[in-house]
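Trainee: I should like to take a close look at one part of this structure, namely its aromatic pairs. Please treat the matter in one connected account.

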Number of protein chains: 2
Amino acid sequence: MDQKKFRIAVVGATGAVGEVLLKILAQRKFPVSELVALASSRSAGSEVAFGRKQTPVRDLETYDFDGIDVAFFSAGGSVSAKHAPRAAAAGALVIDNTSHFRNDSDVPLVVAEVNPHAMRDRPRGIVSNPNCSTMQLVVALAPIHRAVGIDRINVATYQSVSGAGRSGMDELGRQTSQLLNFKKARPKRFTCQIAFNVIPHIDDFQENGYTREEMKMVWETQKILEDPAIKVNPTAVRVPVFFGHAEAVHIETRAKITAAQARELLAAAPGVVLVDERKDGGYPTPVTHASGQDPVFVGRVREDISHPLGLDLWIVADNIRKGAALNAVQLAELWSRGEA
Amino acid sequence: MDQKKFRIAVVGATGAVGEVLLKILAQRKFPVSELVALASSRSAGSEVAFGRKQTPVRDLETYDFDGIDVAFFSAGGSVSAKHAPRAAAAGALVIDNTSHFRNDSDVPLVVAEVNPHAMRDRPRGIVSNPNCSTMQLVVALAPIHRAVGIDRINVATYQSVSGAGRSGMDELGRQTSQLLNFKKARPKRFTCQIAFNVIPHIDDFQENGYTREEMKMVWETQKILEDPAIKVNPTAVRVPVFFGHAEAVHIETRAKITAAQARELLAAAPGVVLVDERKDGGYPTPVTHASGQDPVFVGRVREDISHPLGLDLWIVADNIRKGAALNAVQLAELWSRGEA
């Protein structure tokens, strides 16, 4: 029997996430009959790699999505706002990587390993992919939440510059080289020097003093784990790392779970790799484990000495792969197999 | 009236902390009649700068501390273990920067702005300087603890490589340059690559799954704030920054304090500079604020949406200055003025 193949559109094909998305579609042999790479008119006319072939980049503004089965969007919230409904109206399943629709009650927010069932109900034809920081957090915490319930999450993030796109990576590279050559490193993409520095500010400040990046972790965690009672207290920090986000996570559960029990759950959890030995290198880091890899890596699992129901974890993943492109492709796979 | 002057010994004079200690003694015009720079026999014979003069480095092993008023130690725990009691027995006030004596009940652990009174009672003639991560934490939290009491502290650190001494700084510089030149960056000082990476491991692992660096923050915070009931839950992480430690701090107080009240307390607190505007750059970072500076900088003050008595802060300081050398000199100043 011939496998059914699909017509795929990738909006933002020249961006950091778009590039990896094309790579993952090819690597995972997603059944593609036609691949349409789309970007703003500025990038249209260039080419991107898909498998062994170069594909021309077409202008999103004038493209009609006619006959497209799945349209991936990762070109920023305003682009999704304008063009995703158009793609959905043309009949495509839209998988949106931006934050634009994430809080809409009629748009499911789905992590393949956590709440795939939520994808079935998509009245607008749009499915949202969570923020990268939320993604790795819920993949690791879902098995614990299912077992004993999570009451509260204190999380501090160590987020790589690729989360800010290509311009973020360029800025870290440029500033680092300038500083090593005794030149001034002027900030452009970030609010202050990112090379050899850390910046506690990602996305806009909100009324309550949290940033929007932090509040995304609150709203999205509650929505994906389908539990608005989960309390989340994040501090989101940019660090001079190219690929891979890390998170120091301190949770309080509703019933006691030992570190050994948590480790057992995590070792068996889909999409999770436990790296937890109490010795040199016995924990995941962005460079040694996560960069370019699919799983969410968890280490430093220990019972919190400051709380009877506390548990600490260190969670690391490639923010561009599992944090964005990989999950988007996994959602398309679920749909293509009729599982969502 | 002539100011009384003192004979000062600096053990570890060629190290990262020793160098800054000599600089701060000169900058703050500490009344020095004689400065004896000491180090291991390997470094003896070299010279270090003190004010405008070069001072020969003498061999610690054969030095007798005769007539020395104050001896600063920052050459590692084993050096302090062996030589600090000898210096104290010779009549010197020992101010020890290592962790060796910090938990001894007959050795006070003192932060100049927080518990200077504790310095008066020093039966062994030794006073300990806290760990750099604890130092900046308690300077910022002491005013809040005094006002409403602190019940629990969740803290994730972003610690610069200078905390690992000169070899840590060398490794970050060397690896960064190797990677920018497409060479391999092999780890030596740290357990894995530190350039463009973060490592959740500082000092040895303990039985309970925390590292020794993390447990130092527990023990030392309780000792300095003179409150063994304070619960502390730290995750200590090394980041690719040269100077300045940052901390994402989530506290739970015993009585309610608003962010506005906390900000008011912090703005008036000795040794603290509040940098807290909800706009681009309106928060401290290691590079923009702390590096080479004396104060502890605090920003991102906000009420914790996940806890009725929760408060979040972002605390940054130069780990070599306030985190080590500066506090040591401040303790000597208190003593020299007869205040401790």
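Are B:Tyr158 and B:Trp314 buried or exposed?

Mentor: In this predicted model, B:Tyr158 is buried, and B:Trp314 is buried as well. Their setting is best approached through the ring pairs. Over all chains, a search of the whole structure finds 15 aromatic pairs. One of them joins A:Tyr158 and A:Trp314, whose ring centres lie 5.3 Å apart with the planes at 65°; because edge-to-face requires an angle over 60 degrees, the pair is edge-to-face. Distant parts of the chain are linked by this pair: A:Tyr158 belongs to strand 8 (residues 150–158) of chain A and A:Trp314 to strand 13 (residues 310–317) of chain A, 156 residues apart. A:Tyr158 has a relative accessibility of 0% and counts as buried; A:Trp314, with a relative accessible area of 0%, is buried too.

In chain B, the rings of B:Tyr158 and B:Trp314 also form an edge-to-face pair, at 5.3 Å centre to centre and with 70° between the planes. Here B:Tyr158 lies in strand 8 (residues 150–158) of chain B and B:Trp314 in strand 13 (residues 310–317) of chain B, 156 residues apart. Ring pairs link A:Tyr158, A:Trp314, B:Tyr158 and B:Trp314 into a cluster.

The arrangement of the chains completes the picture. A turn of 180° with a shift of 0.0 Å along the axis lays chain A on chain B with an RMSD of 0.0 Å, which is the relation of a two-fold axis. Of the interface residues of chain A, 100% are also interface residues in chain B, so the copies meet through the same surface.

Conventions:
Residues are numbered from 1 along each chain as its sequence is written. Chains are lettered from A and ligands numbered from 1 in the order in which they are written. This is a predicted model: local features need pLDDT of at least 70, side-chain atom pairs count only at pLDDT 80 or more; totals for chains, interfaces and linings use all residues. Side-chain values use heavy atoms; hydrogens and water are left out. Copies are superposed by least squares on the C-alpha atoms of residues with pLDDT of at least 70 in both. Contact means heavy atoms within 4.5 Å. Rings of Phe, Tyr and Trp (its six-membered ring) pair if their centres lie within 6.5 Å; planes under 30 degrees apart count as stacked, over 60 as edge-to-face and the rest as tilted. Helices (H or I, at least four residues) and strands (E, at least two) are DSSP runs, numbered from the N terminus. Buried means under 20% relative accessible area, exposed over 50%, partly exposed in between (1.4 Å probe, protein chains only).
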